[in-house]
Amino acid sequence: MSPVRNGVREAVSRNALGLWFCGIAALGVMRCWMKIVREGEGPWPPGLLPWLMGTAACAVVGIALLVRERRRHALPLPGHSAAGDGAS
């Protein structure tokens, strides 16, 4: 298996929970959109606000997990040394 494939597989496995929460949030947004479109013009359908709040909570948790994992496994930028001594 190529090193690139191993890197992608490792990144996905490290970020699985964050990606799952973001996926659930995306499904929640689509479901809310479907409810709004189906009801047409007028007041929002009952129960939509709690659904949106749950969707937002899932999105926040997912993004927080992805950011935390990104910071934990941050790679040095190209052209910068890992030791921070300024040598390129």
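Here is a short walk through the structure above, from its overall layout down to a few residues.

First, some ground rules: this is a predicted model, where local features need pLDDT of at least 70, side-chain atom pairs count only at pLDDT 80 or more, and totals for chains, interfaces and linings use all residues. Residues are numbered from 1 along each chain as its sequence is written, and side-chain values use heavy atoms, with hydrogens and water left out.

Start with the fold. The chain has three helices and zero strands, so reading from the N terminus you meet α-α-α (helices are DSSP runs of H or I with at least four residues, strands are runs of E with at least two, and numbering starts at the N terminus). Take the contacts between residues at least 6 apart in sequence: 55% of them join residues at least 24 apart (a contact means heavy atoms within 4.5 Å).

Now for the surface. About 7000 Å² of the chain is exposed, and carbon and sulfur atoms supply 68% of that (areas come from the Shrake-Rupley method with a 1.4 Å probe, and for residues only the protein chains shown count as cover). Of the 88 residues, 14% count as buried, meaning under 20% relative accessible area; over 50% is exposed, and anything in between is partly exposed (1.4 Å probe, protein chains only).

Finally, zoom in on helix α3, residues 48–72, which is where you'll find glutamate 69. Is glutamate 69 buried or exposed? Glutamate 69 is buried, because its relative accessible area is 8%. Setting aside neighbours within four places in sequence, glutamate 69 touches Arg14 and Asn15.
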